[in-house]
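Reader: Hey, got this one open on my screen. Can you walk me through it?

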Amino acid sequence: MSSPSAPPPTPSPPSPMKEAGARSTTRLGDRIFSGLSKGSGIALLVIMAAIAVFLAIRAGIAIAADEGNFLTTFEWDANADPPRFGIAVLLFGTVVSSVIAMVLAVPVAVGIALFISHYAPRRLATPLAYVVDLLAAVPSIVYGLWGALYLVPRMTGPFQWLDDVLGWTGVFAYDGTPARSLMTVGLLLAVMILPIITSVTREVFLQTPKANQEAALALGATRWEVIRMTVLPFGRSGVISASMLGLGRALGETMAVATVLSPSFLINASLLESGGGTFAQNIASQFKEAGSMGRDALIASGLVLFLLTLLVNGAARLIIARRKEYSGANA
Amino acid sequence: MSGTTVPADEEASRGPAVGRVALRRPRLPGWSLAALALGSVAVGTGVGLVARLDSRGQWGLIAALVFVGATFALSASVEGRRHAVDRLAAVLVWACFIVAMVPLASLVWETVARGIPGVSWYFLTHSMNGVLSWQEGGGIYHAILGTVEQVLLASVIAIPLGLLTAVYLVEYGRGRLARAITFFVDVMTGIPSIVAGLFVLSLWIMMLDFGYSGFAGAMALAILMVPIVVRSTEEMLKLVPNELREASLAMGVPKWRTILKVVLPTAIGGITTGVMLALARIAGETAPIILLVFGNNMINGNPFEGAQSSLPLYVYEQWGFGTEQAFDRAWAAAAVLIAFVMILNLVARGIARWKAPSGGR
Amino acid sequence: MAKRIDVSALTAYYGAHKAIDGITLHVEPASVTAFIGPSGCGKSTFLRTLNRMHEVTPGGRVEGKVLLDNEDLYGQGVDPVSVRRTVGMVFQRPNPFPTMSIYDNVAAGLKLNGIKYRRSELDDIVEKNLRGANLWNEVKDRLGRPGSGLSGGQQQRLCIARATAVEPDVLLMDEPCSALDPISTLAIEDLIDKLKTEYTIVIVTHNMQQAARVSDRTAFFNLAAIGEPGRLIEVDATEKIFSNPSVQATEDYISGRFG
């Protein structure tokens with residue numbers, strides 16, 4: 001912006017701040033305030049860039065020194081000289097436990113959301129929605145504590161039964177040791193992401209136009225048919241994006257996994273037996289013993305986790321954006 | 001559609017019959033479902049006893065499956081397939097609700113039942129200084145102090161940054177910069193807490209060579225808090241009617257004063273709610289604290305110098321000791337933590353309700 | 001096909017609030033009956049009691065009888081789902097299913113019957129009803145496109161085709177033209193005139209010219225004061241209501257002295 005006291009020889013370029021262009025006397029307060037708020041926005045962008053850059057620098061150091069293959073090595077000897085470590089086990093464990101969580105949580109969450117939006121008596125629905133929102137706020141360490149001390153001992157029986165019925169597949173083989181396995185982790189993650197998926201899904205279901213639901217009713221649809229004709233098609237993209245948000249939470253969850261899982265750098269064919277690990281759990285568990293190279297290696301694995309969650313959240317945003325266009329076209 | 005068959009007369013043009021429906025149809029009386037439920041429980045118990053299944057969960061599962069199957073079969077034979085499907089959907093939706101409430105209720109119940117006995121005035125006012133893992137006693141004073149200081153420091157960083165960014169997005173932001181900020185705020189919302197911790201670790205501790213401190217943890221918490229504050233504030237500011245802004249601007253009030261004196265006060269209820277929900281969220285974070293605050297059994301009131309503790313970290317450490325005494329302390333601290341978070345939530349929602357009418361909706 | 005409706009002593013509530021009180025009314029088969037009256041007089045509520053849609057509203061309940069050719073809609077063992085299938089409804093705002101194509105919108109009700117139709121049968125039914133709704137020529141080339149892409153008037157005719165596709169005995173219309181422009185309104189009114197040979201039609205309208213144009217009989221509803229329940233003031237042949245009503249309030253309303 002040009003100074004008002006010295007008129008410039010050429011017409012001043014349009015100011016980025018619209019006040020300056022619109023009024024001849026730009027008030028100092030306005031400039032300071034809009035500058036501050038714009039600065040905050042830019043600061044956020046800088047922080048995001050810094051996160052990516054600093055993690056990448058550290059990860060670069062670690063990966064350059066890695067004697068193993070960063071992607072395929074089944075070991076984590078980052079403090080050894082030379083260091084050997086790879087993320088294969090962590091990637092497997094992170095994805096598998098999160099997928100288990102999704103498979104268990106999404107159908108149940110959709111069910112609860114429907115229960116609150118369309119089935120429960122009103123007197124029950126409102127407090128229930130409130131309770132679900134409160135449960136979404138329970139700290140993850142509390143879920144972790146509950147998972148380790150309450151859930152794990154109680155999983156032995158069901159796992160034994162799964163082994164009896166499906167043990168022949170290998171995936172559900174069980175040796176009777178404490179159930180500190182990826183399956184238990186997946187179950188606990190499912191319980192954890194249930195409230196968040198439920199509350200987003202419920203909001204979408206409640207937005208289903210009443211006019212459409214009444215139209216279906218007036219055609220002689222039963223309650224379930226009304227839901228299938230109007231609520232589910234309308235809410236489908238909302239359910240998908242809610243699930244992706246839940247998946248993002250499950251992928252990055254640290255404490256619930258660190259407390260429940262008995263980690264090892266092996267991929268166990270059975271989901272019911274202990275072993276494996278996740279990115280976040282590995283970082284939390286190894287951090288205190290890690291030396292300088294060990295930390296860099298953990299940061300490198302953290303960068304992979306960061307990219308993974310970016311991917312999932314980006315996909316969720318894309319779906320939400322599409323949905324906005326879609327409903328906008330119909331408005 | 002395909003006009004191959006041209007209707008010859010009025011009768012043919014009526015097409016296939018759609019079919020009359022009777023207004024009355026046989027319906028299952030209410031008591032039949034209750035009877036089915038009782039019968040299913042009986043079958044579940046019977047099978048459980050005969051087959052010597054030791055887990056009550058399996059009994060319940062059998063009973064539930066029998067109930068679902070029998071309801072569907074009975075309804076299909078009496079009421080017809082459509083109504084049977086309707087009933088099946090209702091039963092499954094109720095089942096989802098019950099299935100989900102079991103672990104969630106158990107979580108709350110366990111924490112309260114195992115935690116409350118350990119909570120005492122002594123527990124709240126003493127640290128773990130000199131208490132070994134297998135000993136009784138000790139407390140969480142140092143952890144509460146750490147949590148409060150870290151959360152307050154994080155808010156001091158995050159609230160102005162978040163508020164101003166939201167103001168920029170709603171009141172000033174146009175074009176590419178605003179879109180980029182909106183997008184990256186969304187991205188920030190999804191950052192795993194441990195990644196935020198790793199960032200501060202690599203910048204503050206590894207590169208700038210500062211030590212572990214509450215402040216380092218607070219920075220990571222602030223990164224997690226900012227996007228929540230931006231999002232909720234943005235929503236609230238958008239609810240403020242444009243007429244209010246225009247009325248103020250028309251009186252010659254400069255824009256920044258309009259925002260400070262008219263827009264923000266109108267939305268303050270909702271903004272406060274959002275901030276408190278964000279506080280509740282970060283107060284329970286553990287992962288960045290492990291990396292940046294490190295943990296300390298003694299009271300350290302200075303968040304800028306030396307390791308501290310925090311409530312969630314304390315729970316994690318006590319769990320890690322693996323002794324009964326430590327488990328008791330972990331549950332008690334978890335109960336205190338839940339109470340802390342729930343109070344924040346309830347107050348936030350209380351404010352939202354109290355301020356709702358004047359919130360400019 | 002078209003059936004007669006006999007309502008006796010019908011009272012409807014929203015929770016504790018009494019919305020309409022003690023309405024007794026006969027609707028002739030294969031004719032158009034219009035409900036007129038000031039806002040809040042309960043005419044829409046009354047309409048919704050005729051296909052048991054009123055009880056869908058939280059707190060909504062009904063006392064009294066509605067006989068459809070001597071069968072009580074509120075009788076024991078009567079299934080509201082079957083009632084709504086028999087008594088079709090068109091709403092104030094056009095509400096085609098946004099996620100369905102034009103074709104699927106018309107066929108939506110048929111898919112609820114539990115009968116499996118062959119594709120050609122469905123095609124015939126869809127064409128017949130779109131023709132019946134005077135919409136076929138406008139949409140026959142884009143049956144696969146979303147119904148929400150049509151204009152308001154076309155959407156409303158699509159909703160009428162959707163309602164007639166299940167071959168109801170009665171068609172209820174709740175201010176079907178209030179969201180439409182005059183040309184679309186005219187198209188709908190023509191359609192109503194055509195449909196009344198096959199259906200018993202009940203239409204709620206705020207537009208008295210419309211009531212005079214389309215209906216055979218007109219019922220006037222009024223309420224004593226805000227918060228009081230709505231009551232039926234009089235019902236008679238449309239010509240009589242508009243030329244020489246027997247109640248002073250009707251004449252005041254029609255001549256524009258209130259409401």
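Author: Sure, one term before we start: two residues are in contact if their C-beta atoms, placed from the backbone, lie within 7 Å. This is a predicted model, where local features need pLDDT of at least 70, side-chain atom pairs count only at pLDDT 80 or more, and totals for chains, interfaces and linings use all residues. Residues are numbered from 1 along each chain as its sequence is written, with chains lettered from A and ligands numbered from 1 in the order in which they are written.

Reader: OK, what does Ala59(A) touch?

Author: Leaving out residues up to four places away in sequence, Ala59(A) touches Ile299(A), Ala300(A) and Leu303(A). Val304(A) is 245 residues from Ala59(A) in sequence, yet their C-alpha atoms are 9.4 Å apart.

Reader: And is Ala59(A) buried or exposed?

Author: Ala59(A) is buried, because 23 other C-beta atoms lie within 10 Å (the cut-offs are 20 or more for buried, 12 or fewer for exposed, and partly exposed in between).

Reader: Which helix is Ala59(A) in?

Author: Ala59(A) sits in H2 of chain A, residues 28–65. Helices here are DSSP runs of H or I, at least four residues, numbered from the N terminus.

Reader: Switching topic: how many residues does each chain put into the contact between A and B?

Author: Chain A puts in 67 residues and chain B 75. On the chain A side, H2(A) gives the most, with 19 residues.

Reader: Now chain B: at what angle do H9(B) and H11(B) cross?

Author: Their axes cross at roughly 150 degrees and come within 8 Å. So H9(B) is roughly antiparallel to H11(B) (that takes an angle over 145 degrees).

Technical notes: Axes are lines fitted to C-alpha atoms, for helices over the stretch in contact, and angles run from 0 to 180 degrees between N-to-C directions. Helices (H or I, at least four residues) and strands (E, at least two) are DSSP runs, numbered from the N terminus. Angles under 35 degrees count as roughly parallel, over 145 as roughly antiparallel, 65 to 115 as roughly perpendicular and the rest as oblique.
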